Amino acid sequence: MDKLPYLVGDVTIKSNLEIEEVGNVISKEILGGLKFEGKEKRIYDEVPALFISSPLLGLSVVLQGYKGFGETEGYVLSILPNDNICDVEREEFKLDYYLTMLLKSVLKNHDEIEVLDVDINRC
């Protein structure tokens with residue numbers, strides 16, 4: 001039996017913009033205008049988070065706050081399967097590098113958002 005690709009990826013972003021503003025830029029640039037929402041649902045206790053309400057090709061997309069840059073606020077854009085497919089053996093494929101390079105390319109003219117380099121040892 002074939003294994004199902006389990007696509008996961010994280011991109012770390014530095015920005016002093018509010019999470020909604022970063023989400024709007026990412027939505028416009030790579031998600032065809034699909035809106036991030038759900039901040040009021042507080043899916044994480046420690047940090048603000050937004051998500052695309054409907055899975056995109058079976059993937060959940062989440063933009064969450066990230067603490068770890070000192071005084072500069074940052075975010076992590078994550079994609080992961082929404083787990084609607086079950087009873088299938090999975091093989092994980094990390095998309096960190098692809099997502100990082102994609103965002104670096106499409107956000108190169110957005111000076112207020114910096115996409116951090118990915119640790120290729122994690123990929």
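This report describes the fold, the helix packing, the salt bridges and a few surface residues of one predicted protein model.

## Overall fold

The secondary structure of this predicted model comes to two helices and seven strands. Followed along the sequence, these elements appear in the pattern β-α-β-β-β-β-β-α-β, and in this notation each β stands for a strand and each α for a helix.

The protein has 123 residues, of which 34% count as buried. Its accessible surface comes to about 7,800 Å², and carbon and sulfur atoms account for 49% of that area. If one takes the contacts in the protein with a separation of 6 or more, 58% of them are made by residues that are 24 or more positions apart.

## How the two helices meet

The axes of helices H1 and H2 come within 11 Å of each other and cross at roughly 95 degrees. Because an angle of 65 to 115 degrees counts as roughly perpendicular, H1 and H2 are described as roughly perpendicular to each other. On the side of H1 the contact is made by Ile26, Glu29 and Ile30, while H2 contributes Leu102, Leu103 and Val106.

Glu29 appears again in the surroundings of His110, a residue in the loop between H2 and E7. When neighbours within four places in sequence are left aside, His110 is in contact with Val25 and Glu29. Is His110 buried or exposed? His110 counts as buried, because its relative accessibility is 19% and the cut-off for buried is under 20%.

## Salt bridges

Side chains of opposite charge can pair when their charged atoms come close. In this model the count comes to four salt bridges, and three of them, among those four, are described here in turn.

Glu89 and Lys3 meet through their side chains in a salt bridge, with a distance of 3.7 Å from N to O. Glu89 lies in the loop between strand E5 (74-81) and strand E6 (90-94), whereas Lys3 lies in the segment before strand E1 (4-15), so the pair ties together parts that are 86 residues apart in sequence. Glu89 counts as partly exposed at 48% relative accessibility, and Lys3 counts as partly exposed at 44%.

Another salt bridge joins Glu20 with Lys39, and here the closest N and O atoms are 3.1 Å apart. Since Glu20 belongs to helix H1 (residues 19-30) and Lys39 to the loop between strand E2 (36-37) and E3, this pair ties together parts that are 19 residues apart in sequence. Glu20 is partly exposed, with a relative accessible area of 33%, and Lys39 is also counted as partly exposed, at 34% relative accessibility.

## The surroundings of Asp117

The side chains of Asp117 and Lys104 meet in a salt bridge as well, with 2.7 Å from N to O. Asp117 sits in the segment after strand E7 (113-115) and Lys104 in helix H2 (residues 96-106), so that the pair links distant parts of the chain, 13 residues apart. Asp117 counts as exposed at 61% relative accessibility, whereas Lys104, at 28%, counts as partly exposed.

Which residues does Asp117 contact, leaving aside its neighbours within four places in sequence? Asp117 is in contact with Thr100 and Lys104. In addition, the C-alpha atoms of Asp117 and Val11 are separated by 8.4 Å, although these two residues are 106 residues apart along the chain.

## Lys35 and a nonpolar patch

Lys35 is placed in the loop between H1 and E2 and is exposed, with a relative accessible area of 52%. Leaving aside neighbours within four places in sequence, Lys35 is in contact with Asn24, Ser27, Phe51 and Ile52. The C-alpha atoms of Lys35 and Glu20 are separated by 9.5 Å, and the two residues are 15 residues apart along the chain.

The surface also carries a nonpolar patch of about 300 Å², which is made by Leu34, Leu56 and Leu57. Leu56, one of these residues, lies in the loop between strand E3 (49-52) and strand E4 (59-66), and at 32% relative accessibility Leu56 counts as partly exposed.

Definitions and conventions. Residues numbered from 1 in each chain as written. Predicted model: local features only at pLDDT ≥ 70, side-chain atom pairs only at ≥ 80, totals over all residues. Heavy atoms only, no water. Patch = residues over 30% accessible without salt bridge, like charges linked within 9 Å, V, L, I, M, F, W, Y side chains within 5 Å. Areas by Shrake-Rupley, 256 points an atom, 1.4 Å probe, with all protein chains shown as cover. Helix = DSSP H or I, 4+ residues; strand = E, 2+ residues; numbered from the N terminus. Buried < 20%, exposed > 50% of the residue type's maximum accessible area, 1.4 Å probe, protein only. Contact = heavy atoms within 4.5 Å. Axes fitted to C-alpha atoms, helices over the stretch in contact; angles between N-to-C directions. Parallel < 35°, antiparallel > 145°, perpendicular 65-115°, else oblique.
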